[in-house]
Amino acid sequence: MTGPLAPLAPQHGDLPHAEPGPVTRPFWDGCAAGELRFQRCLRCRAAQFPPAEICRACLGADLAWERSAGVGTLYSWTVVHRPVTPAFEVPYAPAIVDLAEGYQMMTNLIGLPPDAITPGLAVQVEFHETGGGLHLPYFRPRTPS
Amino acid sequence: MSSSRLAAIVGVHNTPQGRRLENATSRALLVQAALGALADAGLALEDVDGVNAEPDAAGVIYDLSLGPAWQGRQFGIAAVPEAVSAIEAGQADVVLIAAGAARVYLDRASTAPWTRPENEFVAPWGLFTAAEFALVARRHMIMYGTTPEQLARVAATIRNNGHHNPEAVYYRRGPFKPEDILASRMVADPFHLLDCSMTSEGGCAIVVAAADRLPDVAARPVYLLGAGSDHFGPSYRYPPSWDLGGRRDGPVNGQVGGHAADRAFRHAGIGRADVDVLELYDPFSFEIIRQLEAFGFCGPGEGGPFVADGRIDITGSHPVTTDGGTMSFSHAGASPQMLQRVIRGVQQVRGQAGPLQVPGARIALCSGGGAGALFNVVVILGAEPS
């Protein structure tokens, strides 16, 4: 490969995904509305993601959806060059992000070239609609506000 | 019922393995493997009163007319301690563990079906097993400075074992130097193509029997000295985080298998230095480094330097994955690739590992699973009962 690498971009294809269930639907509704949501346990105050019926920390059943600030740091990543299915354009960068509220989530990094990714990178959420009307919370380098 | 009843592995068999096996089906390979392992043990189908053939043990019991039979439900190498426990508890006398896979991976535009998650929080991010395990490897590189060259050393070592193994799919496809691994195309950074397991077809089987049946059996028995099983959750549904832990103090997911290994060694009454050969599960090169640390053969973060100096070579102090593993021997679907670690351990302890025999091997540690999949199972085999 020669020349500077292009910045990673959101996907456009009709991506594989599962249908939301009653426990997870509020998250996806939030994505469609441009809002990153997570569960907060009303008993022990733990932040929780992915969603579940009970709090994984104290087993409390009283969980409320909260809006995340959508900012965090990069925990780990990979750059994929052989797509899982032809629906994905390569390269793409699956990543685990530590959110400021104290939970982790899986995402893809966008908005920077693969060779510019560094551990602990400050990131922020950015929603993009892919094929089939799926709204996904991508993360890009955080711009100072 | 005697409380001191003892079980042993008395038969093992691999069918021919290949990238594609003409006219093979999963069921035909399973049957061929089952008959091979029984022949190795000097036993007949009529002797079998227990079966594990996940994910369809019930179908195998029916189709091979083996009922009424005890049915095992564990997946991968955990099937072996499960069978031993069933026999020692008097629930069965002869357990057949069998698996086969062919014509499972047909859509080559996508990765192998058993590598692709369907969970709603994983699938749209384009994850598959190489990417899941890469997220774990990257975390280790961030924490400890582990290098792609150290990963490549692992891949070259295991692929060179396969290069010398006449049974391996990639027999005589080497030899490999670490530079060859690093020169192969990138799949999921830091994993190059040659850091990853292959896909293939094949069958394999293991027969476990009560020691009081030993006068009947032809093969040299191999004993389960200890086993352990660590699980952090379902595979490929949650982020494969190094730091995922539970409410008890203990190893985190990045060290999955550590608690299992401690249990296995304690039960066996032996130490790490007593192990002659390590038949470690090798879905991706980094998993060997991770398991050497988790199992206590080196300290946290020391796995990279540990593998870089020849210790894991077939002639080294800690020979690993001596048949060539899933990178070079075979990787036929979800189940066979795991059981084959135990089969290789049995071959080593019996002295039947051919050109890759570790001289005088008496104790083998075998593993299945890894941090990218949130589970790891450890089995320690010995030539003598503990």
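1. Strand β1 (residues 37-41) of chain A pairs with β3(A) in the antiparallel sense, and 5 bridges hold this pairing. Within the predicted model, A:Q39 stands opposite A:W65, a residue of β3(A). In general, the strands of a sheet pair through backbone hydrogen bonds, and the pairing may be parallel or antiparallel.

2. The pair just described belongs to an open sheet of 3 strands in chain A, with the order β2-β1-β3 and antiparallel pairing. Which strands stand at the edges of this sheet? They are β2 (47-48) and β3 (63-67) of chain A; each has a single partner strand, so one side of each is left without a neighbour in the sheet.

3. The loop between β2 and β3 of chain A contains A:P50. The peptide bond that leads from A:F49 to A:P50 is cis, and its omega is near -10°. A student should note this bond, because most peptide bonds are trans.

4. Chain A also meets chain B: 30 residues of chain A are in contact with 29 residues of chain B. On the side of chain A that touches chain B, at least two residues are supplied by each of β4 (71-77), β5 (93-99), β6 (104-109) and β8 (134-141) of chain A. The largest share of that side, 5 residues, comes from β6(A). By class, the residues on this side of chain A are 20 nonpolar, 9 polar and 1 charged.

5. As to confidence, the model has an ipTM of 0.96 and a pTM of 0.96. For chain B the average pLDDT is 95, and 99% of the residues score at least 70. As a general caution, predicted coordinates should not be read in detail where pLDDT is low.

6. A second sheet for the reader to trace lies in chain B. This open sheet has 4 strands in the order β8-β11-β10-β9, and its pairing is mixed. Its edge strands are β8 (223-231) and β9 (277-279) of chain B, each of which pairs on one side only. On average, neighbouring strands of this sheet are turned by 15° against each other, direction ignored.

7. Within the sheet of chain B, β9(B) and strand β10 (residues 363-370) of chain B run parallel and are joined by 3 bridges. B:E279 stands opposite B:C366 in β10(B). Helix α7 (residues 258-268) of chain B lies across β8 and β11 (375-382) of chain B, and runs at about 155° to β8(B).

8. Two packed helices are described by the angle between their axes and the distance between the axes. How do helix α5 (residues 148-163) of chain B and helix α8 (residues 285-294) of chain B lie with respect to each other, and at what angle do the axes cross? The axes come within 7 Å and cross at roughly 100°. Angles of 65 to 115 degrees count as roughly perpendicular, and α5(B) and α8(B) are therefore roughly perpendicular to each other. On α5(B), the contact is made by B:Q150, B:L151, B:A152, B:V154 and B:A155; on α8(B), by B:S285, B:F286, B:I288 and B:I289. This contact of α5(B) with α8(B) has 7 nonpolar residues, 2 polar residues and no charged residues.

9. Chain B also has a cis peptide bond, from B:G174 to B:P175, with omega near -5°. B:P175 lies in the loop between α5 and α6 (178-183) of chain B.

10. Two loop residues of chain B deserve a check of their backbone angles, because most residues other than glycine have a negative phi. B:T321, which is not a glycine, has a positive phi of about 45°. B:T321 is found in the loop between α9 (303-307) and α10 (325-328) of chain B. Phi of B:L374, likewise a residue other than glycine, is positive, near 65°. The place of B:L374 is in the loop between β10 and β11 of chain B.

11. Is B:T321 buried or exposed? A residue is buried if 20 or more other C-beta atoms lie within 10 Å of its own. B:T321 has 30 C-beta neighbours inside 10 Å and therefore counts as buried. B:L374, with 24 other C-beta atoms within 10 Å, is also buried.

12. B:D56 belongs to the loop between β2 (50-52) and α2 (57-63) of chain B. With 14 other C-beta atoms within 10 Å, B:D56 is partly exposed. B:D56 and B:A99 are 43 residues apart in sequence, and their C-alpha atoms are 9.4 Å apart in space.

Conventions:
Residues are numbered from 1 along each chain as its sequence is written. Chains are lettered from A and ligands numbered from 1 in the order in which they are written. This is a predicted model: local features need pLDDT of at least 70, side-chain atom pairs count only at pLDDT 80 or more; totals for chains, interfaces and linings use all residues. pLDDT is the predictor's confidence in each residue, from 0 to 100. Two residues are in contact if their C-beta atoms, placed from the backbone, lie within 7 Å. Ala, Val, Leu, Ile, Met, Phe, Trp, Tyr, Cys and Pro count as nonpolar, Asp, Glu, Lys and Arg as charged, and the others, Gly among them, as polar. Axes are lines fitted to C-alpha atoms, for helices over the stretch in contact, and angles run from 0 to 180 degrees between N-to-C directions. Angles under 35 degrees count as roughly parallel, over 145 as roughly antiparallel, 65 to 115 as roughly perpendicular and the rest as oblique. Two strands pair if DSSP finds at least two bridges between them. A residue is buried if 20 or more other C-beta atoms lie within 10 Å of its own, exposed if 12 or fewer, and partly exposed in between; C-beta atoms are placed from the backbone.
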